[in-house]
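Here is a short guided walk through a protein model, best read with the structure open beside it. The text starts with backbone details and then moves on to cores, a helix and sheets.

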Amino acid sequence: MDTVVSPERIHNELLHCVTLTQRSIQKSAGMETVSRTCCQLAADIFSHSYTPSPYTRFAVTDPKLREIYAPAFRDRLAQNWLVYHLSPFVERVLIDDTYANRCGKGVLAAVKRAQTFMRRPGNQYYLQLDVQNFFNSIPHAALLRQCRILITRYMSAHPLRTQILDMLEKSVQHAAPANTFTISGDRLLLDSIPAHKTLLAAGPGRGLPLGSASSQMLAGLYMNPLDQYIKHTLRVKGYVRYMDDLILFGNSTAQLSRYRQAIRYFMQTELELTLHPHKQTLQACHQGADYLGYRIYPHYLHLRKRNITKLVAWMRFFNSLLSGTPGHPPTHIAARPEWMSLTDNGSLSPDLPLLQRMQAVINSYYGMMKHATHFRLRRDIWYRHGGMLTTYMLPDGPQYTSVRIKKRCLQDWILSRSLPVHTG
């Protein structure tokens, strides 16, 4: 490990973190001055003078209505720098069967693991639990205690230990609701979020803003004591967690009920969290489990009905744009201004970038469906709801696992871009 402590080292690490941040309008706008931004941010981190900027607050509806706090590009870099240093050590303490926000894990891996446990002899029943208002309920003091233990255990000799700890405390304790502004056009959607589900209602000393890389990592770390308790104290062999969605497997309802009581007590006393009173399911494995967007059975998978409904709605919306009759799309589409702005243009003669955007949305659902037992459904949805989309796209292979843009459309677009422009 490089033992030199200097702003230049932090500056180089921040430049690397630029490559780790996802694409966004803020990132595109900030790329012209990214080196200067990293240089100033490195100096602030090194001198312990870093202060988070105000967040941007907006609402999303997919998969459910909730508020998102988006940090400025400068703060996204700072949070990615923090994750860059902490995540290798966080990985050391997490159990193998927690799947959120981890390299090589993810939703599909969690679903497949749960299905594996369903098939094991003796796992006749499952218990599914959810934490009530999870991100907004995490207590800062308890989270920072966990983080300090982690840093003391693994990073006592790290040359940037004091800077990392300072950044960690400022990121966790930053009062996001008091330092935020709204630029989203959907103010009514924000106002429709129940007050008790907002970060502002959590009060001082609680809650992590949903929407930042550090929040995702720290929330996963905060649940680690519960994972250890379930695996090593309760000795539950069949257990999967994806953030705050837990699913346990056992040979009787009585056994799983005892686990539920023990988990409820542990969460209240050790983590200061509460199980959601209405999001608890205890039933036989052969009946299937709704988990992470899928309906899981021991030997096959189905995509949840609501996701299929959303795909059909998107295809109808795209066809209405192409025909010039947009109508009233459902909420999960109406909340997307980048799409709703196209409804004022009448019928569209789509260019390649717009077709690619439509293709990406359709393939995101088809990508989920290809892992389920849905060949007929994938085929039938395309032929029943393809409509005008079939003029520009076609299935990419006989299994209907995705759609592609027709070569004719690609050639026409390339030709139109290469033709000279005549001015009269």
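## Backbone, cores and sheets

Asn133 is partly exposed, because its relative accessible area of 28% lies between the cut-offs for buried and exposed. Keep in mind that this is a predicted model. Asn133 belongs to the loop that links β3 (125–130) with α6 (134–137). Its phi is near 50°, a positive value in a residue other than glycine. As background, most residues other than glycine have a negative phi.

Met243 also has a positive phi, near 55°. This residue sits in the loop between β5 (238–242) and β6 (245–250). Is Met243 buried or exposed? With a relative accessible area of 6%, Met243 falls under the 20% cut-off, so it is buried. Pro121 gives a third loop position, between α5 and β3. Its relative accessible area is 82%, so Pro121 is exposed, the cut-off being over 50%. Pro121 can also be set against Trp382: 261 residues separate them in sequence, and their C-alpha atoms are 39 Å apart in space.

The table below gathers the three loop residues.

| Residue | Loop | Relative accessible area |
|---|---|---|
| Asn133 | β3 to α6 | 28%, partly exposed |
| Met243 | β5 to β6 | 6%, buried |
| Pro121 | α5 to β3 | 82%, exposed |

Now to the interior. In soluble globular proteins, nonpolar side chains tend to be buried together. Here the largest nonpolar core holds 69 residues, and Leu168, Leu226, Ile230 and Leu248 have the most contacts inside it. Which helix gives this core its largest share? That is α4 (residues 73–93), which supplies ten residues. Apart from this core lies another, of 48 residues, including Val111, Ile247, Leu303 and Leu389. Leaving aside residues up to four places away in sequence, Ile230 touches Arg235, Val236, Tyr239, Leu246, Leu248 and Ile263.

Helix α4 deserves a look of its own. Its 21 residues reach 30 Å from the first C-alpha to the last, close to the 30 Å expected at 1.5 Å a residue. Even so, α4 bends by about 45° at Leu86, and a proline, Pro88, follows within four residues. Of the 21 residues of α4, 15 are buried, so the helix is largely enclosed by the rest of the structure.

Two sheets round off the tour. One is an open sheet of three strands in the order β8-β9-β10, with antiparallel pairing. Why is one side of β8 and of β10 left without a neighbour in the sheet? β8 (289–291) and β10 (301–303) are at the edges and each has a single partner strand, so there is no neighbour on the other side. From one strand to the next, the twist averages 30°. β8 and β9 (residues 294–296) run antiparallel and are joined by three bridges, with Ala289 opposite Ile296 in β9. Helix α5 (residues 107–119) lies across β8, β9 and β10 and runs at about 15° to β9.

The other open sheet also has three strands, here in the order β2-β1-β4 with mixed pairing. Its edge strands are β2 (66–70) and β4 (180–181), each pairing on one side only. Strand β1 (residues 55–60) runs antiparallel to β2, and five bridges join them. In that pairing, Phe58 stands opposite Ile68 of β2.

Conventions: Residues are numbered from 1 along each chain as its sequence is written. This is a predicted model: local features need pLDDT of at least 70, side-chain atom pairs count only at pLDDT 80 or more; totals for chains, interfaces and linings use all residues. Side-chain values use heavy atoms; hydrogens and water are left out. A nonpolar core is a set of buried Ala, Val, Leu, Ile, Met, Phe, Trp, Tyr and Cys residues joined through side-chain atoms within 4.5 Å. Buried means under 20% relative accessible area, exposed over 50%, partly exposed in between (1.4 Å probe, protein chains only). Contact means heavy atoms within 4.5 Å. Two strands pair if DSSP finds at least two bridges between them. Axes are lines fitted to C-alpha atoms, for helices over the stretch in contact, and angles run from 0 to 180 degrees between N-to-C directions. The expected span of a helix is 1.5 Å times one less than its number of residues. The bend at a residue is the angle between axes fitted to the seven residues ending there and the seven starting there.
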